[in-house]
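Visitor: Hi, I'm new to this one. Could you show it to me and let me ask a few things?

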Amino acid sequence: QVQLVESGGGLVQAGGSLRLSCAASGGIFTIKAMGWYRQAPGKQREPVASISSGGYGIYTNTVKGRFTISRDNARNTVHLQMNDLKPEDTAVYYCARFRGPTSSSGVEYWGQGTQVTVSA
């Protein structure tokens with residue numbers, strides 16, 4: 001049974017930073033792509049960033065240059081460093097594990113989500 005547990009969300013002022021972490025258990029972490037999605041109130045869940053099994057990161061345009069995704073295969077953990085946060089980044093952030101080594105394989109497992117709130 002795969003479990004994804006997020007941490008690191010919270011309340012921050014605009015321009016501030018947060019670092020989200022996702023600890024994965026079960027399955028084989030190193031051969032799967034991992035990613036982060038977010039869902040704001042009244043909106044659909046959207047992809048934020050993903051990282052392939054080989055460590056290649058992909059970002060949605062609105063976070064490029066501000067967010068960095070990384071993975072620690074020794075600890076089965078993926079991180080999302082979020083800098084220069086904006087009020088429009090406010091959302092519940094979900095960790096995702098993909099079916100294969102890249103995000104094109106589709107999400108197989110979701111975490112429970114962690115709230116990020118950015119005040120103006």
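Visitor: Let's start with a single residue: is Y94 buried or exposed?
Guide: This is a predicted model, and in it Y94 is buried, because its relative accessible area is 13%, under the 20% cut-off.

Visitor: And how many aromatic pairs are there in the whole structure?
Guide: A search of the whole structure turns up three aromatic pairs. In one of them, the ring centres of Y37 and W110 are 4.9 Å apart and the planes stand at 75 degrees, so that pair is edge-to-face. Y37 belongs to strand β4 and W110 to strand β10 (residues 107-110), so the pair ties together parts 73 residues apart in sequence.

Visitor: Are those two buried or exposed?
Guide: Y37 counts as buried, at 16% relative accessibility. W110 is partly exposed, with a relative accessible area of 38%.

Visitor: Back to Y94, then. Which residue does Y94 form an aromatic pair with?
Guide: Y94 pairs with W110, edge-to-face, at 6.4 Å centre to centre and 85 degrees between the planes. That pair links distant parts of the chain, with Y94 in strand β9 and W110 in strand β10, 16 residues apart. Ring pairs join Y37, Y94, F98 and W110 into a cluster.

Visitor: New topic: how many residues are in the largest nonpolar core?
Guide: The largest nonpolar core has 26 residues, and W36, L80, M82 and Y93 have the most contacts inside it. Several strands give two or more residues to this core, including β4 (34-39), β8 (77-82) and β9 (91-98). β3 gives the most, with four residues. Another core, of five residues, lies apart from it, and A33, Y37, A96 and F98 are among them.

Visitor: What is L80 in contact with, beyond its neighbours within four places in sequence?
Guide: Its contacts include L18, L20, W36, V48, I69 and Y93.

Visitor: Okay, sheets. What order do the strands take in the open sheet of four?
Guide: The order is β1-β3-β8-β7, with antiparallel pairing. β1 (3-7) and β7 are the edge strands, each pairing on one side only. On average, neighbouring strands of this sheet are turned by 15 degrees against each other, direction ignored.

Visitor: What holds strands together in a sheet, generally?
Guide: Strands of a sheet pair through backbone hydrogen bonds, and the pairing can be parallel or antiparallel. Here, β3 and β8 pair in the antiparallel sense over six bridges, and L18 stands opposite M82 in β8.

Visitor: Which other strands pair up, say with β5?
Guide: β4 and β5 pair in the antiparallel sense over five bridges, with G35 standing opposite S50 in β5. β5 also pairs with strand β6 (residues 57-59), antiparallel over three bridges, and there A49 stands opposite Y59 in β6.

Visitor: Which residues take a positive phi in those hairpins?
Guide: In the hairpin of β4 and β5, with six residues between the strands, G42 takes a positive phi near 80 degrees. The hairpin of β5 and β6 has five residues between the strands, and G55 takes a positive phi near 95 degrees there.

Visitor: Last one: where does T77 lie, and what does T77 touch?
Guide: T77 lies in strand β8 and counts as buried, at 12% relative accessibility. A polar atom of the T77 side chain lies 2.8 Å from the backbone oxygen of R75. Leaving out residues up to four places away in sequence, T77 touches S21, C22, A23, F29, S70, R71 and D72.

Note on methods. Residues numbered from 1 in each chain as written. Predicted model: local features only at pLDDT ≥ 70, side-chain atom pairs only at ≥ 80, totals over all residues. Heavy atoms only, no water. Core = buried A, V, L, I, M, F, W, Y, C linked by side-chain atoms within 4.5 Å. Buried < 20%, exposed > 50% of the residue type's maximum accessible area, 1.4 Å probe, protein only. Contact = heavy atoms within 4.5 Å. Polar contact = N/O pair within 3.5 Å; in protein donor to acceptor, adjacent residues only side chain to side chain. Pairing = 2+ DSSP bridges. Axes fitted to C-alpha atoms, helices over the stretch in contact; angles between N-to-C directions. Phe/Tyr/Trp six-rings, centres within 6.5 Å; stacked < 30°, edge-to-face > 60°.
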